[in-house]
Amino acid sequence: VLDLPRLTLVGDIEVTLENHRGIIEYTPERLRLALPQGELIISGEELVLISLAQEEVVIRGRIKSLELA
């Protein structure tokens, strides 16, 4: 409704992000996702895209940090 991202974190193993605008960068250690206003940077180890849909993405791995930029 407000065109804002919705982030769900399950421990340090899974992130679900709704209302994203696409992938900017993807490596096993870093994932950058475009948001309506800025981007989300996920850092960790063995990051894997489990699901990628038009407005939702699910990432699993050892998540070490999340940063809004």
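**Close-up views of a predicted model**

The histidine 20 side chain comes within 2.9 Å of the backbone nitrogen of glycine 22. The structure shown in all of the views is a predicted model.

**View 1. Histidine 20 in the loop between β2 and β3.** Histidine 20 belongs to the loop that joins β2 and β3. Besides the glycine 22 nitrogen, the side chain of histidine 20 reaches a second backbone atom, the oxygen of alanine 53, at 3.3 Å. The relative accessible area of histidine 20 is 3%, so the residue is classed as buried, the limit being under 20%. Beyond four places in sequence, histidine 20 touches Ala34 and the residues Leu52, Ala53, Gln54, Glu55, Glu56 and Val57.

**View 2. Glutamate 18 and asparagine 19 at the end of β2.** Glutamate 18 is part of strand β2, which covers residues 14–18, and asparagine 19 is in the loop between β2 and β3. Glutamate 18 has 30% relative accessibility and is therefore counted as partly exposed. Asparagine 19, at 12%, counts as buried. The C-alpha atoms of glutamate 18 and proline 5 are 5.6 Å apart, although 13 residues separate the two in sequence. With neighbours within four places left aside, the contacts of glutamate 18 are Pro5, Arg6, Glu55 and Glu56. On the same basis, asparagine 19 is in contact with Asp3, Leu4, Pro5, Pro36 and Glu55. A polar atom of the asparagine 19 side chain lies 2.9 Å from the backbone oxygen of leucine 4.

**View 3. Salt bridge between arginine 21 and aspartate 3.** Arginine 21 pairs with aspartate 3 in a salt bridge whose closest N and O atoms are 2.5 Å apart. This pair connects distant parts of the chain, with arginine 21 in the loop between β2 and β3 and aspartate 3 in the segment before β1 (6–10), 18 residues apart. Both partners are partly exposed: arginine 21 has 42% relative accessibility, and aspartate 3 has 38%. A search of the whole structure finds eight salt bridges.

**View 4. Salt-bridge network around glutamate 25.** Salt bridges link Glu25, Arg30, Arg32 and Glu39 in a network. Within this network, the side chain of glutamate 25 meets that of arginine 30 at 3.1 Å, N to O. Glutamate 25 also forms a salt bridge with arginine 32, at 3.4 Å. Glutamate 25 is partly exposed at 25% relative accessible area, and arginine 30 is partly exposed at 33%. Side chains of opposite charge can pair when their charged atoms come close.

**View 5. The largest nonpolar core.** The 11 residues of this core are Val15, Leu17, Leu31, Leu33, Leu35, Leu40, Ile42, Leu47, Val57, Ile59 and Ile63. Two or more of them come from each of β2, β4 (30–35), β5 (38–52) and β6 (56–68). Leucine 40 is in contact with Leu17, Leu31, Leu33 and Leu35, among others. Other contacts of leucine 40 include Leu7, Arg32, Leu66, Glu67 and Leu68. In soluble globular proteins, nonpolar side chains tend to be buried together.

**View 6. A nonpolar patch on the surface.** Ile23, Tyr26, Val48, Ile50 and Leu52 make up the patch, and together they have about 430 Å² of accessible area. Strands β3 and β5 each give at least two residues, and β5 has the largest share, with three. Valine 48, in strand β5, is partly exposed at 39% relative accessibility.

Technical notes
Residues are numbered from 1 along each chain as its sequence is written. This is a predicted model: local features need pLDDT of at least 70, side-chain atom pairs count only at pLDDT 80 or more; totals for chains, interfaces and linings use all residues. Side-chain values use heavy atoms; hydrogens and water are left out. Helices (H or I, at least four residues) and strands (E, at least two) are DSSP runs, numbered from the N terminus. Buried means under 20% relative accessible area, exposed over 50%, partly exposed in between (1.4 Å probe, protein chains only). Contact means heavy atoms within 4.5 Å. A polar contact is a pair of N or O atoms within 3.5 Å; within protein, one must be able to donate a hydrogen and the other to accept it, and residues adjacent in sequence count only if both atoms are side-chain atoms. A nonpolar core is a set of buried Ala, Val, Leu, Ile, Met, Phe, Trp, Tyr and Cys residues joined through side-chain atoms within 4.5 Å. Patches are made of residues with over 30% relative accessible area and no salt bridge: like charges are joined within 9 Å, nonpolar side chains (Val, Leu, Ile, Met, Phe, Trp, Tyr) within 5 Å. Accessible areas come from the Shrake-Rupley method with a 1.4 Å probe; for residues, only the protein chains shown count as cover. A salt bridge is a side-chain nitrogen of Lys or Arg within 4 Å of a carboxyl oxygen of Asp or Glu.
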